Amino acid sequence: MSKFCNVCGSQLEDSALFCPVCGANLSEQQPQPQPQAQSTVPPQQPPFDGYDMQADIAANKILAALGYVGMIILALVAAPNSRFIRFHANQALLLGLFAIPAAIPFIGWIWGIFCVICLIMGIVNAINGQFKELPLIGRFRIIN
């Protein structure tokens, strides 16, 4: 069973929490009946709030990536209304919190390697303009 974004109508993966086309938070959407016919071309401009997802991503890729290296507050202050920045700031904050056990000798080192891999994945996702959650920890929300 496929689900669709209520904002832009894009077809989504069943496990998606954010629409990859318009960035809408799917957990806040009410279930809607699925469209009968889906066009193969997604809309260029999402029709909501005058928000332009492509412009947001293009303008904030570097700030989102900097959030992963400890500049979360700078990114949030520089672009407080950016959904892209808020998504990646949330991912970076989660990573920072979940990295604390990496300080435990021996056992924590394995977790530390996992956290470094997640850090690289987060930076790459931000630079590529993607709303991809980090493995295991990315589904939690602190910043909406």
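Is Cys115 buried or exposed, and what is its relative accessible area? Cys115 is buried, at a relative accessible area of 8%. This report describes a predicted model, beginning with its cysteines.

## Cysteines

The structure contains zero disulfides. For Cys115, the closest cysteine sulfur belongs to Cys118 and lies 6.2 Å away, which is too far for a bond; a disulfide would require the two sulfur atoms to be within 2.5 Å. Cys118 accordingly takes part in no disulfide. Cys118 is buried, with a relative accessible area of 0%.

## Helix α1 and its surroundings

Helix α1 spans residues 53–67 and has a kink of about 60° centred on Asn60. The N-terminal end of α1 is capped by Asp52, which places a side-chain oxygen 3.4 Å from the backbone nitrogen of Gln54. Buried residues in α1 are Met53, Asp56, Ile57, Asn60, Leu63, Ala64, Ala65 and Gly67. Their cover includes α2, α3 and α4.

Two of these α1 residues, Asp56 and Asn60, are touched by Ser82, when residues up to four places away in sequence are not counted. Ser82 is located in the loop between α2 (72–78) and α3, and counts as buried at 4% relative accessibility. The side chain of Ser82 also reaches the backbone nitrogen of Phe84, at 3.4 Å. Asn60 is thus both the centre of the kink and a contact of the buried loop residue Ser82.

## Nonpolar cores

In soluble globular proteins, nonpolar side chains tend to be buried together. Here the largest nonpolar core has 25 residues, and those with the most contacts inside it are Tyr68, Ile85, Leu95, Phe131 and Leu134. Helices α1, α2, α3 and α4 each contribute at least two residues to this core. Its largest share, six residues, is supplied by α3.

Tyr68 has contacts with residues well beyond its own neighbours within four places in sequence: His88, Gln91, Ala92, Leu95, Leu119, Gly122, Ile123, Ala126 and Leu134. Of these, Leu95 and Leu134 are themselves listed among the core residues with the most contacts. A second, separate core consists of eight residues, including Cys5, Ala16, Cys22 and Leu26.

## Aromatic pairs

A pair of aromatic rings is described by the distance of the centres and the angle of the planes. The structure holds four aromatic pairs. In one of them, the ring centres of Phe98 and Phe140 are 6.0 Å apart and the planes meet at 20°, so the pair is stacked; the limit for stacking is under 30 degrees. This pair links distant parts of the chain, with Phe98 in helix α3 (residues 83–98) and Phe140 in the segment after α4 (107–127), 42 residues apart. Phe98 is partly exposed, at a relative accessible area of 31%, and Phe140 is partly exposed at 36%.

The pair Trp111 and Phe114 has ring centres 4.8 Å apart and planes at 35°, so it is tilted. Both residues lie in helix α4, three residues apart, about one turn of the helix. Trp111 counts as partly exposed at 26% relative accessibility, whereas Phe114 is buried, with a relative accessible area of 19%; the cut-off for burial is under 20%. In addition, Phe84, Phe87 and Phe131 form one aromatic cluster. Within that cluster, Phe131 is also one of the residues with the most contacts inside the largest nonpolar core, and Phe84 supplies the backbone nitrogen reached by the side chain of Ser82.

Key:
Residues numbered from 1 in each chain as written. Predicted model: local features only at pLDDT ≥ 70, side-chain atom pairs only at ≥ 80, totals over all residues. Heavy atoms only, no water. Phe/Tyr/Trp six-rings, centres within 6.5 Å; stacked < 30°, edge-to-face > 60°. Helix = DSSP H or I, 4+ residues; strand = E, 2+ residues; numbered from the N terminus. Buried < 20%, exposed > 50% of the residue type's maximum accessible area, 1.4 Å probe, protein only. Polar contact = N/O pair within 3.5 Å; in protein donor to acceptor, adjacent residues only side chain to side chain. Contact = heavy atoms within 4.5 Å. Bend = angle between axes of the 7 residues up to and from the residue. Core = buried A, V, L, I, M, F, W, Y, C linked by side-chain atoms within 4.5 Å.
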